[in-house]
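This report describes a single protein chain from its atoms. Please look through the model below before reading on.

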Amino acid sequence: MSKYLMQNVDSITNLLHLSFQTRDLKTIKKLHAHLLRTGLLFISLTIHTKIISAYATFLRKTNLQAPTKFLSCIKTTNPLPFNLILSEFCRNGYPYLALKTMSFMHFNAIHLDTYALCSSLSASSSIKAVEFGLQVHAYVEKSGWLSSVFVGSALIDIYAKTSFISSASIMFNVMPLKNTVCANALLSGLADAKLWIEGIKLGRKMHQIKIEYDHFSLSAILRSCAGLSAIELGKQVHAKLIRTVFYVKDDFFLQSSLIEMYGKCGSVEKSLKVFHLNGFENERAEKRDVVLWTSLLGVYGRNGHHKEVIKLYKEMLMEGIKPDEVVLVTVISACSHTGQVKLGLEYFYSMVHKFGLAPCSELYGCVVDMLCRAGELEKAWRLIKEIDHKRNEILNVSSWGALLSACDSSGNIELGVLAAERALKLDPQNSDTECRLLKGLSLKFLILVLGAETNC
């Protein structure tokens, strides 16, 4: 290709990239027409793949017909352009189109290499399409790609993320070559499935078969330690990461796993020390992100240190950290347990007006529960009506359940019946609790009526 053509290709690629970012379909169509008239489209596979990727951004994510027309224009059996398209679809959130591309390649006898197999398995994993993953696995077995540690790791990842843990374990065991990546995929799956003992066993096995630990491995093992409240084993993992992981202050995820582990084992002081990086040589705690604050606040909240939760939250705001919904649920729950209703409502309304966040159903339920605990049934009812009017889908059964429970405690029969009706409407299968509370309310009402008649 001449220098002039190379410059043209670079210019066109840059223009396509710009149009792709600005989502300018008109410019892409004009450029496409120009490339067809001049024949440049058929000279460079790079331009061809970029055009297809650019058009894909304007398709519905489940529109599987249009890509076939684009792909049919590529007159080559070379897998490289198709792999590029696969990669583009995966990176830009078009997993269905990535899977369609892979099917097109297989149907048209285009060679499927490790890149295509890994990309398609990654796309399958992101949408939990385990059926497609099983088909790819069958192809891998027949074509001999099982010896590839990359393909094996991708298969373990999809099985682990779709809760096929036994298949992921079998895959790990039959792989001739194993590395840290495939072990991490299985460790993460075991932790997600709450198979903590198996996670600990795999962590020990990694040392026996000489697979190196990285920060992902240690985080997953710490999650298993937290699930089992195995603090002694957690301390060993802590010692291991001090020796092997450098710049711990930059790894918020690993710090968070340590904080959670000590917190779930009841060692709040240890969690605080990790938060401040005490014991880590040459490490100094700088500005922490919201992940670390969320973990620490959760530890204090779960262990009943509600006053400290509010104090820490104020420190967090002073550091300039913007809270998220999880933080505010923990803080408002602490306000509820300490009886600081006014402060809890102040934090709740600051979420929208100050931080621009949309409250989730759990947060609404927490606020309703706080008002009910304080005996503010009318306020709780007004809040629920306001939410119900604006965003009916955001209310869950726990909000109505909290109001019903408070009505049962205070003897507010009329409001209790209404709350029970709404709760039963949202979750008709879970009627036992609502019926029990309604019976309690009815009994109280009967006692009050009989008492009034006796007095007469």
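## Loop residues with positive phi

K210 sits in the loop that joins α12 (196-208) to α13, where helices are DSSP runs of H or I with at least four residues, strands are DSSP runs of E with at least two, and both are numbered from the N terminus. The phi of K210 is positive, about 60°, although K210 is not a glycine. K210 is exposed, with a relative accessible area of 73%; the classes are buried under 20%, exposed over 50% and partly exposed in between, with a 1.4 Å probe and protein chains only.

S163 is another non-glycine residue with a positive phi, here about 70°. S163 belongs to the loop between α9 and α10 (165-174), and its relative accessible area of 62% makes it exposed. As background, most residues other than glycine have a negative phi.

## Basis of the values

The model is predicted, so local features need pLDDT of at least 70 and side-chain atom pairs count only at pLDDT 80 or more, while totals for chains, interfaces and linings use all residues. Residues are numbered from 1 along each chain as its sequence is written, and side-chain values use heavy atoms, with hydrogens and water left out.

## The chain as a whole

The chain contains 25 helices and 0 strands. Of its 456 residues, 45% are buried. Among contacts (heavy atoms within 4.5 Å) with a separation of 6 or more, 62% are between residues 24 or more positions apart. The accessible surface of the chain is about 24100 Å², and carbon and sulfur atoms contribute 56% of that area. Accessible areas come from the Shrake-Rupley method with a 1.4 Å probe, and for residues only the protein chains shown count as cover.

## Salt bridges

A salt bridge is counted when a side-chain nitrogen of Lys or Arg lies within 4 Å of a carboxyl oxygen of Asp or Glu. The count by this rule is 5. The table lists some of them.

| Pair | N to O distance | Citation |
|---|---|---|
| K161 and D157 | 3.4 Å | salt bridge |
| R223 and D192 | 2.4 Å | salt bridge |
| E232 and K235 | 3.9 Å | salt bridge |

The pair of R223 and D192 links distant parts of the chain: R223 is in helix α13 (residues 215-228) and D192 is in helix α11 (residues 180-192), 31 residues apart. R223 is partly exposed at 30% relative accessibility.

K161 and D157 are both in helix α9 (residues 149-161), 4 residues apart, about one turn of the helix. K161 is partly exposed, at 45% relative accessible area, and D157 is also partly exposed, at 22%.

In helix α14 (residues 231-244), E232 and K235 are 3 residues apart, again about one turn of the helix. E232 is exposed at 52% relative accessible area, whereas K235 is partly exposed at 33%.

## A helix pair

How do α17 and α19 cross, left-handed or right-handed? The axes of helix α17 (residues 290-302) and helix α19 (residues 325-338) come within 9 Å and cross at roughly 25°. That makes α17 roughly parallel to α19. Their crossing is left-handed. The contact is made by V290, T294, L297 and G298 of α17 with V326, V327 and T330 of α19.

Axes are lines fitted to C-alpha atoms, for helices over the stretch in contact, with angles from 0 to 180 degrees between N-to-C directions. Angles under 35 degrees count as roughly parallel, over 145 as roughly antiparallel, 65 to 115 as roughly perpendicular and the rest as oblique. A crossing is left-handed if the near helix is turned anticlockwise from the far one by less than a right angle, and right-handed if clockwise.
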